[in-house]
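Q: I'd like a close look at one part of this model, with the neighbours and pairings spelled out. Could you take me through it?

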Amino acid sequence: MSIKEQARAAGLAERRLATLSTAAKNAALLTMADALLDHAETILAANAGDIEAGKAGHMKESMLDRLLLTQDRLAGMAEGLRQVAALPDPVGTILGGGTLPNGLTVTKIRVPLGVIGIVYEARPNVTADAIGLCLKSGNAVLLKGGSEAIHSNTEIARVLREAAEQAGIPAGSVQFITSTDHAAVTELVQLNGLVDVVIPRGSARLINAVMASATVPVIQTGAGVCHTFVDAGADFGMAERIIVNAKTQRPSTCNAMETLLVHRAVADAFLPRIVRTLQEHGVTVIGDETVQGVCGKVQPATDEDWATEYNDLRLSVKVVDGLDEALEHIARYGTKHSECIVTEDYAAARRFQQAVDAACVYVNASTRFTDGFQFGFGAEIGISTQKLHARGPMALPELTTYKYLISGDGQVRS
């Protein structure tokens, strides 16, 4: 079946899927969660093939970590589907309305977006997350995963599609594109009239490529050049815990910290401590001249480093004169994803949160919390860094739009 034929089949299925009851969708999601675990052996075997190919192709360790599936990670994927089943169904939610002076009643309700194309890289868990969220929100889904995870994604999609259809989800609601040709992405994102929206999830390179070639609407999930600013009023112990977590807990994720900014007033006291701790955790530190002068074994930073999402145990460190310079740096190099200030100064914290233009702005907490699970949303499609329609973790409500239902008793416009 061609990609266009898959999109057409998804559109036919979506018309029926949009009217399914919440109970029917939830029952299917629970069946799908069980199916993931029942088919663990075949899924993990497929993943082992992808891992072997990744190692042969000298894939970075951080990317191999994104690619790797284990029994525990499969259990987490299944739990994600169960959590989505337990969440309120947004479809049909009344958002507003009323009765007009002429007697017409107007009701604004949530409805599915339609057929959603998901383009993503390296992370097989996205396959399960995307399918679960799209089905619960009444959308058909057309998946295009990266070639590095083709065996894992194909098997996960097969298991979930078959389980969903056996549980009553309309056939065709879940489509997976098996082609590894880059031209397949271009074809998908130009299927006007067949695909309602495309959501890219992955590297800046992937997202930019989709944005450049798409003719259908795109919800941009962004690369994460995330910053932590240690203010003059920071508690050093707290700052150290937050920084180590934000950089090392899982460096391959988009919400991991990539740049550390330190107020000049505390640089001499704090930098040697934090750089030493980071290096003990295996982090390669890249710094400006001040950082290099205060700390040993620090590589020199370039302008390119400030704009780089490493997805690895690498960190850029810069000393700034104060909050204003920190805000200027974030505005220039940030990707509007997640930013953090560590401070005991209430006024500085409030100004940082008000002035920083990002989906998630933290005070005294790790940027690693920018996540659908952590926010209580269940699984997510990604983190939207744009401002229209959706921003931040994209869960069920963000996968809907709305329409107006108008009822009358014969009114005509004069």
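Let's start with strand β11: how many of its 7 residues are buried?

A: Sure. Keep in mind that this is a predicted model. Strand β11 covers residues 314–320, and 6 of its 7 residues are buried, so "mostly covered" is a fair way to put it, with buried meaning under 20% relative accessible area.

Now for the strands it pairs with. Strand β8, residues 257–263, runs parallel to β11, and 5 bridges join the two. If you want a spot to look at in that pairing, find Leu261, which stands opposite Lys318 of β11. Strand β9, residues 284–287, also pairs with β11 in the parallel sense, this time over 4 bridges. Here Thr284 is the residue to pick out, since it sits opposite Arg314 in β11. That gives β11 parallel pairings with both β8 and β9.

While you have the model open, there's a helix pair to look at too. Helix α3 (residues 40–56) and helix α7 (residues 150–166) have axes that come within 7 Å and cross at roughly 160°. Angles over 145 degrees count as roughly antiparallel, and that crossing therefore makes α3 roughly antiparallel to α7. The crossing is right-handed. On the α3 side, the contact is made by Thr42, Ile43, Ala46, Asn47 and Asp50, while α7 brings Ile150, His151, Ser152, Glu155, Ile156, Arg158 and Val159. Sorted by class, that contact has 5 nonpolar, 4 polar and 3 charged residues.

Technical notes
Residues are numbered from 1 along each chain as its sequence is written. This is a predicted model: local features need pLDDT of at least 70, side-chain atom pairs count only at pLDDT 80 or more; totals for chains, interfaces and linings use all residues. Side-chain values use heavy atoms; hydrogens and water are left out. Buried means under 20% relative accessible area, exposed over 50%, partly exposed in between (1.4 Å probe, protein chains only). Two strands pair if DSSP finds at least two bridges between them. Axes are lines fitted to C-alpha atoms, for helices over the stretch in contact, and angles run from 0 to 180 degrees between N-to-C directions. Angles under 35 degrees count as roughly parallel, over 145 as roughly antiparallel, 65 to 115 as roughly perpendicular and the rest as oblique. A crossing is left-handed if the near helix is turned anticlockwise from the far one by less than a right angle, and right-handed if clockwise. Contact means heavy atoms within 4.5 Å. Ala, Val, Leu, Ile, Met, Phe, Trp, Tyr, Cys and Pro count as nonpolar, Asp, Glu, Lys and Arg as charged, and the others, Gly among them, as polar.
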